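User: I should like to learn how to read the features of a structure that is new to me. Could we take them one at a time?

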Amino acid sequence: IRKMNVFSERLKGELKDNLTAVQTHLFERMGNATSRMTVLIDDLLEYSHTTKGQINVETIDLNKKVQLVLEDLDLQVQEKNAKIHIHPLPQIKGNNRQIQQLFQNLIGNALKYARNDLAPAINIRARIVKAKDINAALTGEENHQLYHLIEVADNGIGFEQKYAQEIFEIFKRLHRTSEYSGSGVGLSIAKKVVDNHNGYIWSESIPGEGAVFIILLPVIENEA
């Protein structure tokens with residue numbers, strides 16, 4: 001990726017006197033994309049060493065974080081003519097890199113598994129709940145804990161509900177690689193991020209009607 005960036009900059013320099021405004025903009029986007037990819041790879045390498053133990057925690061504005069993710073996924077969004085509806089999202093306490101990876105994987109997943117006959121529509125919304133009020137399968141004090149409930153819902157191909165747990169297993173795929181690209185790691189990473197933040201994630205789906213991924217992240221005292 002670094003070589004791609006070097007060659008791109010060299011080519012842009014050689015052609016700079018003849019480039020149109022559109023071409024200059026495309027070179028800038030290429031440079032931005034390779035820079036983000038480099039950061040992403042470095043982050044994934046660091047994340048691979050992350051355990052469920054101590055993580056660096058900071059205040060994260062999910063509205064800004066999702067916008068950054070959408071910038072990274074801009075090409076896929078445009079290619080599929082996707083409509084992304086982002087409702088007001090909260091500030092949370094968490095690990096900045098891991099939370100970005102969580103939304104990158106969930107939104108990317110929704111774009112990947114879109115229907116061929118319908119433009120993707122993705123809705124992201126959040127609210128504060130008590131676990132007991134949403135019938136979450138939690139026990140003891142967790143039932144009375146306040147959580148940020150975050151939903152990432154799509155209108156894609158969906159899946160049978162009996163696979164709702166399996167999809168979070170590493171390398172588990174419901175479709176052939178020839179049908180949909182991917183390594184089968186994305187959702188397992190998403191679950192690991194949520195686990196690291198003492199939260200919960202699950203999915204509800206109907207084949208042909210889309211899926212919704214539901215995340216519970218604990219509300220930390222004095223958080224927002």
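User: What span should the 17 residues of α5 have, at 1.5 Å a residue?

Analyst: Please keep in mind that this is a predicted model. The 17 residues of α5 should span 24 Å, and the C-alpha atoms at its ends are 24 Å apart, which agrees.

User: How many of the 17 residues of α5 are buried?

Analyst: A residue counts as buried when its relative accessible area is under 20%. In α5, 12 of the 17 residues meet that condition, so the helix is largely enclosed by the rest of the structure. Among them are Ile 99, Leu 102, Phe 103, Leu 106 and Ile 107, together with Gln 98, Gln 101 and Asn 105.

User: At what angle do α3 and α5 pack, and how far apart are their axes?

Analyst: Helix α3 (residues 62–72) and helix α5 (residues 96–112) pack at about 55 degrees, and their axes are 9 Å apart. The two helices are therefore oblique to each other. The crossing in which α3 passes α5 is right-handed.

User: Which residues of α3 and α5 make the contact?

Analyst: On the α3 side, the contact includes Leu 62, Val 66 and Val 69, as well as Lys 65 and Asp 72. On the α5 side, the residues are Asn 96, Ile 99, Gln 100, Phe 103, Gln 104 and Ile 107. By kind, the residues of this contact divide into 8 nonpolar, 3 polar and 2 charged.

User: Where does α6 stand with respect to α5, and at what angle do the axes cross?

Analyst: The axes of α5 and helix α6 (residues 186–196) come within 9 Å and cross at roughly 145 degrees. This crossing is left-handed. Residues of α5 including Gln 98, Leu 102, Leu 106 and Asn 109 meet residues of α6, among them Leu 187, Ile 189, Ala 190 and Val 193. The contact of α5 with α6 has 8 nonpolar and 6 polar residues, with no charged ones.

User: What is the phi of Asn 81?

Analyst: Most residues other than glycine have a negative phi. Asn 81, which is not a glycine, has a positive phi near 55 degrees. Asn 81 lies in the loop between α4 (74–80) and β2 (83–86). Its relative accessibility is 46%, so Asn 81 counts as partly exposed.

User: Where is Asn 198 found, and is Asn 198 buried or exposed?

Analyst: The loop between α6 and β6 (200–206) holds Asn 198. Although not a glycine, Asn 198 has a positive phi of about 55 degrees. With 54% relative accessibility, Asn 198 counts as exposed, because exposed means over 50%.

Terms used: Residues numbered from 1 in each chain as written. Predicted model: local features only at pLDDT ≥ 70, side-chain atom pairs only at ≥ 80, totals over all residues. Heavy atoms only, no water. Axes fitted to C-alpha atoms, helices over the stretch in contact; angles between N-to-C directions. Helix = DSSP H or I, 4+ residues; strand = E, 2+ residues; numbered from the N terminus. Parallel < 35°, antiparallel > 145°, perpendicular 65-115°, else oblique. Left-handed = near helix turned anticlockwise from the far one by under 90°. Contact = heavy atoms within 4.5 Å. Nonpolar A, V, L, I, M, F, W, Y, C, P; charged D, E, K, R; others polar. Expected span 1.5 Å × (residues − 1). Buried < 20%, exposed > 50% of the residue type's maximum accessible area, 1.4 Å probe, protein only.
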